[in-house]
Amino acid sequence: MSKVRILWADDEIDLLKPHVLFLEQKGYEVTAVNNGAEAVELVDEHYFDIVFLDENMPGLSGLETLQKIKELDSSLPIIMITKSEEEHIMEEAIGSKISDYLIKPVNPNQILLSVKKNLDKTRLVSEKTTSDYQREFREIGMRMMSNMDAADWADLYKKLIFWDLELENSEDKGMMEVFDMQQNEANDQFMRFIKENYIDWLQGDGAAPTMSHTLFKNKIRPIIEQTGDTPVFLIVIDNLRFDQWKVIQPKLNEFCRLDEESMYYSILPTATQYARNALFSGLLPSEMERLFPKYWKNEDDEGGKNMYEAEFLEANLKRNGLNVKHSYNKVTNLNAGKRLLDSFHELKGNKLNVIVYNFVDMLSHARTEMEVIKELADDSSAYRSITQSWFDHSPLQEMLRRAVAMGAKLIITTDHGTVKVENPIKVVGDRNTNTNLRYKAGRNLDYNAREVFAVTNPDKAYLPKMNMSTHYVFATGKDFFVYPNNYNHFVNYYRNTFQHGGVSMEEVLIPFVTLSPR
């Protein structure tokens, strides 16, 4: 491997000879000059990995030299070294995007540390991350095999997301493969946990976690009641996974204080029709069907399945004794977001403002159907990156800034997550069977019971029955359902797409976050 090339410009470079020799003994190649003009000329003619630049040089000053070098190569790391501790010099240097700022006198180890920090950072962080994950790998494995409850699974999934985000930039691709295997094993164990407990939770088991239909009663109502006259904004970003929340969090940290970061459990199917209606109504699907037949739409009904969220919310508020002024808005495209932003002042007098934002759900569908989006969001890391980029430039961020400027309490949550599917499994159903790739609802379903989570008695899962023999089957892990006819075509079309409706940590364990103004 070629040596790292360092350019060092200082009008007192002869006095720094011991530092230069120290770096050369460490294996670096150092070119030393005593003025800024020569440094600029060398950068223009030769390649350097990093530049050390004295701030106070006669002729072309350090800041002037810095500007000219950045014009030649904006990505070249530059370390400013100065005797001055004046704040305006530091600010100007930092504003010019220097990589580090050192105050004279500097010792050789300071110089070495700065080189490593700027040139070897990726490798050193990668090695440290790999080492740390290797130590924790066994502990995570042991936890998975223990008798965990719902809260334990949420904590474990949060830890897995932490390591996913830490390892995604690692140079050790083998370790990422190890992590993927551990995450798949965790999903297998999570599926068994859901199979053993889900029906009991719905039947009133005291160990039940907060779920879609109890989120309002358990988490949202207390916030509304405890915040007095403070307005509350409930933001439901459709299809937002916990890892996607983590990549938009830093932007919110700029103007918000994080009060709570937790997870709740989506009901099954982990699909908008079921989970989001349950969130707003505070009811399970069969209860919605029975109590609100005008609003609930079954799989075989015509029209949109989430057309009455505002009505469900209204009834839920009344049932919870919350006679508060509120609004409900749904944003399904950029223009709708801009229109809501333009009229945002109209929300100021409300105690509760609910905004449903559909971008992430649209992204997952677009990724399935559009080749260019498939390439841009090839894996979970890229999928997160697109979500982050969207949020950075979306009207939603400006809405949240304005809400915080009102002094509002923010709640950010979702209705379900999504999982990247890889493994096709066969299912056969009649013509009335729904088309979702992660769950099937119908009669005469033919499937391998060992591959799915099957609900043969929908009443126990509070799921509607389209007829007396209706069954529900849910794909687990990274599986997806494919009909035998034209099997290869649909396998190739849907494999490695992001889907929802089934049982995986990514779909079921979803974020609930509260924030306050800084």
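In what sense do β1 and β2 pair, and over how many bridges? They pair in the parallel sense, over 5 bridges, where two strands count as paired if DSSP finds at least two bridges between them. The model is a predicted one, in which local features need pLDDT of at least 70 and side-chain atom pairs count only at pLDDT 80 or more, while totals for chains, interfaces and linings use all residues. Residues are numbered from 1 along each chain as its sequence is written, and side-chain values use heavy atoms, with hydrogens and water left out. The helices (H or I, at least four residues) and strands (E, at least two) are DSSP runs, numbered from the N terminus.

Within the pair formed by β1 and β2, Leu-7 stands opposite Thr-31 of β2. The chain passes from β1 through α1 to β2, and this β-α-β crossover is right-handed; the term applies if, with the strands pointing away from the viewer, the path from the first strand over the helix to the second runs clockwise.

These strands belong to an open sheet of 5 strands, in the order β2-β1-β3-β4-β5, with parallel pairing. Its edge strands, each pairing on one side only, are β2 (29–33) and β5 (100–103). From one strand to the next the twist averages 20 degrees, with axes taken as lines fitted to C-alpha atoms, for helices over the stretch in contact, and angles running from 0 to 180 degrees between N-to-C directions. Strand β1 (residues 5–9) is also joined, by 4 bridges, to strand β3 (residues 50–54), which runs parallel to it, and here Ile-6 has Ile-50 of β3 as its bridge partner. Helix α1 (residues 17–25) packs on the sheet and touches β1 and β2, its direction making about 175 degrees with that of β1; contact means heavy atoms within 4.5 Å.

The loop between β5 and α5 (108–119) holds Pro-105, and a cis peptide bond with omega of about -5 degrees joins Lys-104 to this proline. Another cis peptide bond, with omega of about -5 degrees, joins Leu-268 and Pro-269, and Pro-269 lies in the loop between β7 (256–265) and α11 (272–281).

Helix α9 (residues 215–226) has 12 residues and spans 16 Å from its first C-alpha to its last, close to the 16 Å expected at 1.5 Å a residue, a value obtained as 1.5 Å times one less than the number of residues. Leu-215, Phe-216, Ile-220, Ile-223 and Ile-224 of α9 are buried, which means under 20% relative accessible area, whereas exposed means over 50% and partly exposed lies in between (1.4 Å probe, protein chains only). These buried residues lie on the same side of α9 because they cover an arc of only 100 degrees around the axis, the arc being that of the directions from the helix axis to the C-beta atoms. The face turned away from the buried side of α9 carries the exposed residues Glu-225 and Gln-226. After α9 comes Gly-228, whose phi is positive, near 60 degrees.

A positive phi also occurs in Asn-239, a residue other than glycine, where the value is near 75 degrees. Asn-239 sits in the loop between β6 (232–237) and α10 (242–253), and is buried, with a relative accessible area of 0%.

Finally, in strand β13 (residues 439–442), Tyr-439 and Ala-441 point one way and Lys-440 and Gly-442 the other way, and all are buried. This strand is joined by 4 bridges to strand β15 (residues 471–475), and the two run antiparallel; Lys-440 has Val-473 of β15 as its bridge partner.
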